[in-house]
Amino acid sequence: MESSFPFLEAVIGFMILMYLFETYLDTRQHSALKLPTLPKTLEGVISQEKFEKSRAYSLEKSHFHFVHEFVSILMDSAILFFRVLPWFWKKSGDFVVLAGLNAENEILHTLAFLAGVTIWSQITDLPFSLYSTFVVEARHGFNKQTIWLFFRDMLKGICLMAILGPPIVAAIIVIVQKGGAYLAIYLWGFIFVLSLVMMTIYPILIAPLFNKFTPLPEGPLREKIEKLASSLNFPLKKLFVVDGSTRSSHSNAYMYGFFKNKRIVLYDTLIQQCKNDEEIVAVIAHELGHWKLNHTMYSFIAVQILTLLQFGGYTLVRNSSSLFQSFGFDTQPVIIGLIIFQHTIIPVQHLVSFALNLVSRAFEFQADAFAKALGYAASLRAGLVRLQEENLSAMNTDPWYSAYHYSHPPLVERLAAIDEETKKTD
């Protein structure tokens, strides 16, 4: 006999507890953002003008975040408490019948359900996206996109989901229905292959739908990056500049690719904001540090292990009628089982996320140390400061908040680590 444990009430209760805990951390961070002076480490490094702009930007984002999170927890809790999901599952089945199709076909029923959920999430998130982009980001000089470009990107995203989503969903449903004792391994294998395919086609077919990628022109910067890559035996095949400035003045750089086919992408805003080529090369040296120290591989392996464990957990509860009944379902559709399972492991997901952030921050320190060992300490320091200033990132951070949320250490900690390493070397 199965337990009648109140899964739904437990999930909602934990969601509210986590909301209260994270709101407490947000209030701590908000208080840190209101501090009228720079941290001592940054005095004389960050200009007062940039600090004031950063403070205003961070506080406005913080205010917006409080509102967004409050609305989100209200909606999410109400959807679960009032059994909106089982009601919508039935309505999506009715829609399939109205369309002249067979509602007994779980794949068709699931696609109708997910289409409705997608439309709902797009509608409810739209006001926040518009306000964030065209009010908060625009007010502080970051937004560069037009309303037309915003909606064009949104439509492209929806079209991609409509093309890629159905075959992926259908495959998952078939695997769960036919998987048997090795279901978790089959699901993991499918997601593993899918992730490899997506990592291959995304930069080639999908990313160019949203941004323009052009080869970095011949010149001193290209020569320095290629020389650095060659000295580390990094198999650099292509070096691109992406037109990030068409949407935002935030800056970034990243690398991607498998085995002997690596590519580096620089945002045009990064090139514009850095004072000289050495700062840009120092940022690239940091990124190459992640590659040389196998951080990317370790992270990928960790994600694969966690994915396999998640699917293993799912197989243990997917046939639990009391779990489905607790959420208001009298049937046990595959997609609903996955959604419910994700809700029930929220406590574990928060712990895993925290642990991954700890590892990520350690990796960042290691990559900084790697760039410093190559002789880029001064340039990396200057580059990090420049990016912090230009992106108006928070100068004052609460230690609890950053420990819980940040995947990258705060600037103060990174500069202290670089300076400490420099002192040791001296």
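Which residues have the most contacts inside the largest nonpolar core? Before we get going: this is a predicted model, where local features need pLDDT of at least 70, side-chain atom pairs count only at pLDDT 80 or more, and totals for chains, interfaces and linings use all residues. Residues are numbered from 1 along each chain as its sequence is written, and side-chain values use heavy atoms, with hydrogens and water left out.

**Exercise 1. Take apart the largest nonpolar core.**

Step 1. Start with the term: a nonpolar core is a set of buried Ala, Val, Leu, Ile, Met, Phe, Trp, Tyr and Cys residues joined through side-chain atoms within 4.5 Å. Buried means under 20% relative accessible area, exposed over 50%, and partly exposed in between (1.4 Å probe, protein chains only).

Step 2. The largest core has 37 residues, and I46, I225, L228, I264, L266 and I284 have the most contacts inside it.

Step 3. Now the elements, where helices (H or I, at least four residues) and strands (E, at least two) are DSSP runs numbered from the N terminus. At least two core residues come from each of α7 (220–231), β2 (236–242), β4 (262–267), α9, α13 and α15 (411–425). The largest share, eight residues, is α13's.

Step 4. Zoom in on I284. Setting aside neighbours within four places in sequence, I284 is in contact (heavy atoms within 4.5 Å) with I225, L228, A253, I264 and L266.

Step 5. Don't miss the other core: apart from the largest one lies a core of 18 residues, including V11, L80, F113 and I340.

**Exercise 2. Find the cavities and describe their linings.**

Step 1. Rolling a probe the size of a water molecule over the atoms shows where empty space is left. Here a cavity is a set of points, on a 1 Å grid over the protein atoms alone, where a 1.4 Å probe fits but cannot get out, and lining residues have an atom within 4 Å of a point. Grid points are joined across faces, edges and corners, and a volume is the space filled by probe spheres set on the points.

Step 2. The structure holds two cavities of 30 Å³ or more. The largest has about 40 Å³ of space, and its lining is A32, L33, F51, S54, R55, S58, M395 and N396. Two or more of these lining residues come from each of α1 (7–33) and α2 (48–81), with α2 giving the most, four residues.

Step 3. The second largest cavity has about 30 Å³ and is lined by A253, Y254, M255, I264, I284 and E287. β3 (253–256) and α9 (277–292) each give two or more residues to that lining, and β3 gives the most, three.

**Exercise 3. Track down positive phi angles outside glycine.**

Step 1. R83 has a positive phi of about 55 degrees and lies in the loop between α2 and α3 (84–98). R83 is partly exposed, at 31% relative accessible area.

Step 2. L392, also not a glycine, has a positive phi of about 50 degrees. L392 is in the loop between α13 (346–390) and α14 (399–405), and counts as buried at 6% relative accessibility.

**Exercise 4. Check the length of α10 and its packing.**

Step 1. The expected span is 1.5 Å times one less than the number of residues. For the 23 residues of α10 (residues 295–317) that gives 33 Å, and the end C-alpha atoms are 33 Å apart, which agrees.

Step 2. The buried residues of α10 are H295, Q304, T307, F311, G313 and Y314. They pack against α5 (147–178), α6 (183–206), α9, α12 (334–344) and α13.

Note on methods
1 Å grid on protein atoms, 1.4 Å probe; cavity = no way out; pocket = protein on both sides within 12 Å on 5 of 7 lines; lining within 4 Å.
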